[in-house]
Amino acid sequence: MATSNASSTLSSTFYLMGIPGYEEFHHWISIPFCLLCLVGVTGNCTILHIVRADPRLHEPMYYFLAMLSLTDMGMSLPPMVTFFRVLWSVSKEIQCNMCVVQVFLIHTFSFTESSMLLAMALDRYVAICHPLRHAAMLTPKLIAKIGIAALLRSAILIIPLLACLAFFRFCHSHVLSHSYCLHQDIIRLACADTKFNVIYGLVVITMLWGLDSLSILVSYAFILHSVLKIASREGRLKALNTCASHICAVLILYVPMVGLSIIHRFAKHSSPLVHIFMAHIYLMVPPVLNPIIYSVKTKQIRQAVLQLLLHPKISCVVI
């Protein structure tokens, strides 16, 4: 009975992992991560600001880009809070309920980001294959509905996994392998049957990331088929160039995500540094690189950013 009570008490707290073997350098290691976090937040807030303020950017592509910036920050900021708490030696403990909230936010927004990339692929398909109907088909009202539907789909599908966690007892070490909470990391510590979580998690991943990535591929197959029909070489290059930023954003999300999943499934006994490195790439690279890529590759975004930097007073008047 005492053992059961102790296990129940322990299960209310998890212990987060920093960077093992480099504890004495945690404060120094936090500096580049702080800079990356600052770049990511500044870049995404800039995208949100210019899309709201510049009437020239009130088009479907840029509305979806603003939604992508919101999901980037929603996915990366919650784990960054606990990550810096660990690096700055504030606390390595996290309460079970806060851990579940963090899992919900990370997984919900990562699934939503995949949905946003699919929506952006469909936007490129309509813009290239049906240019005359683009504005009529993708109205602001429909775009808002797509964004809400993507968020609700991700949130609703993740809830059953979190509901199961409430009934698990955790009688192992209670030490997580990351500086934030992931579902696959938590169920590893459970001393209960986690078969439902494993199977349901795979089904959800297949339904969301699998179908989203397949739909993106199909969209680009139609786009390529349509582009090849364009007579001039300049026209083909111009059409494909409008997709370059989106293709980069897709690769930035899916490549680290697939790498992290492979490591969790097939390289469980590899160095903890590999797990930690891949986990932070997965969460930090998209929010940092997406605004940079869209600012560099998209002329309208680049012009709006330059106007904001060089003529801030004019930008304020436009608002």
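What follows is a working chat about pockets, cavities, charged pairs and a few single residues in a predicted model.

Reader: How many cavities of 30 Å³ or more turn up in the whole structure?

Author: The search finds two of them in this predicted model. The largest cavity has a volume of about 60 Å³, and the second largest cavity has about 50 Å³.

Reader: Which residues line the largest cavity?

Author: The lining consists of Leu-36, Cys-37, Gly-40, Val-41, Ser-76, Leu-77, Met-80, Leu-283, Met-284, Pro-287 and Val-288. Helices α2 (26-53), α3 and α10 (272-297) each give at least two residues to that lining.

Reader: What classes do those fall into?

Author: Nine are nonpolar and two are polar, with no charged residues in the lining of the largest cavity.

Reader: And the second largest cavity, what lines that?

Author: Met-61, Phe-64, Met-120, Asp-123, Arg-124, Thr-242, Ser-245, His-246 and Tyr-294. Two or more of the lining residues come from each of α3, α4 and α9. By class, the lining of the second largest cavity divides into four nonpolar, three polar and two charged residues.

Reader: Asp-123 and Arg-124 are in that list. What do their side chains form with each other?

Author: Asp-123 and Arg-124 form a salt bridge, with the closest N and O atoms 3.0 Å apart. In general, side chains of opposite charge can pair when their charged atoms come close.

Reader: Are Asp-123 and Arg-124 buried or exposed?

Author: Both are buried.

Reader: How many salt bridges are there in the count?

Author: The count comes to four. One of them joins Asp-212 and Arg-153, at 3.0 Å from N to O. That pair links distant parts of the chain: Asp-212 sits in helix α8 (residues 195-227) and Arg-153 in helix α6 (residues 140-165), 59 residues apart.

Reader: How accessible are Asp-212 and Arg-153?

Author: Asp-212 has a relative accessible area of 2%, so Asp-212 is buried. Arg-153 is at 30%, so Arg-153 counts as partly exposed.

Reader: What about Arg-188, which residue does its side chain meet in a salt bridge?

Author: Asp-185, at 2.9 Å from N to O. Asp-185 is buried, with a relative accessible area of 1%, while Arg-188 is partly exposed at 47%.

Reader: Asp-72 is buried too. Where is the nearest side chain of opposite charge?

Author: That is Arg-153, 15 Å away, and Asp-72 has no salt bridge. Asp-72 lies in helix α3 (residues 60-87).

Reader: Then what is Asp-72 in contact with, leaving aside neighbours within four places in sequence?

Author: Asn-44, Glu-113, Pro-286, Pro-287 and Asn-290. Pro-287 is also one of the residues lining the largest cavity.

Reader: Switching to pockets. How much space lies in the second largest pocket?

Author: About 400 Å³. Of the 18 residues that line this pocket, the closest to its centre are Tyr-62, Lys-238, Thr-242, Thr-298 and Gln-300. Thr-242 is also in the lining of the second largest cavity.

Reader: Which element supplies the largest share of that pocket's lining?

Author: α9 does, with six residues. At least two residues of the lining come from each of α3, α4 (96-129), α9 (233-266) and α11 (299-310).

Reader: And the class split for the second largest pocket?

Author: Six nonpolar, six polar and six charged residues.

Reader: What is odd about Ser-89's backbone, as far as phi goes?

Author: Ser-89 has a positive phi of about 60°, although it is not a glycine. Most residues other than glycine have a negative phi.

Reader: Where is Ser-89, and is it buried or exposed?

Author: Ser-89 is in the loop between α3 and β2 (93-95). Its relative accessibility is 58%, so Ser-89 counts as exposed.

Reader: Last one, Tyr-22. Where does it sit?

Author: Tyr-22 is in the loop between β1 (13-15) and α2. At 39% relative accessibility, Tyr-22 counts as partly exposed, because the partly exposed range runs between 20% and 50%.

Reader: Which residues does Tyr-22 contact, without its neighbours within four places in sequence?

Author: Ile-29 and Leu-273. As for Val-204, Tyr-22 is 182 residues from it in sequence and 36 Å from it in space, C-alpha to C-alpha.

Methods:
Residues are numbered from 1 along each chain as its sequence is written. This is a predicted model: local features need pLDDT of at least 70, side-chain atom pairs count only at pLDDT 80 or more; totals for chains, interfaces and linings use all residues. Side-chain values use heavy atoms; hydrogens and water are left out. Helices (H or I, at least four residues) and strands (E, at least two) are DSSP runs, numbered from the N terminus. Buried means under 20% relative accessible area, exposed over 50%, partly exposed in between (1.4 Å probe, protein chains only). Lys and Arg count as positive and Asp and Glu as negative; His and the chain ends are not counted. Contact means heavy atoms within 4.5 Å. On a 1 Å grid over the protein atoms alone, a cavity is a set of points where a 1.4 Å probe fits but cannot get out, and a pocket is an open set with protein on both sides within 12 Å along at least five of seven lines; lining residues have an atom within 4 Å of a point. Grid points are joined across faces, edges and corners, and a volume is the space filled by probe spheres set on the points. Ala, Val, Leu, Ile, Met, Phe, Trp, Tyr, Cys and Pro count as nonpolar, Asp, Glu, Lys and Arg as charged, and the others, Gly among them, as polar.
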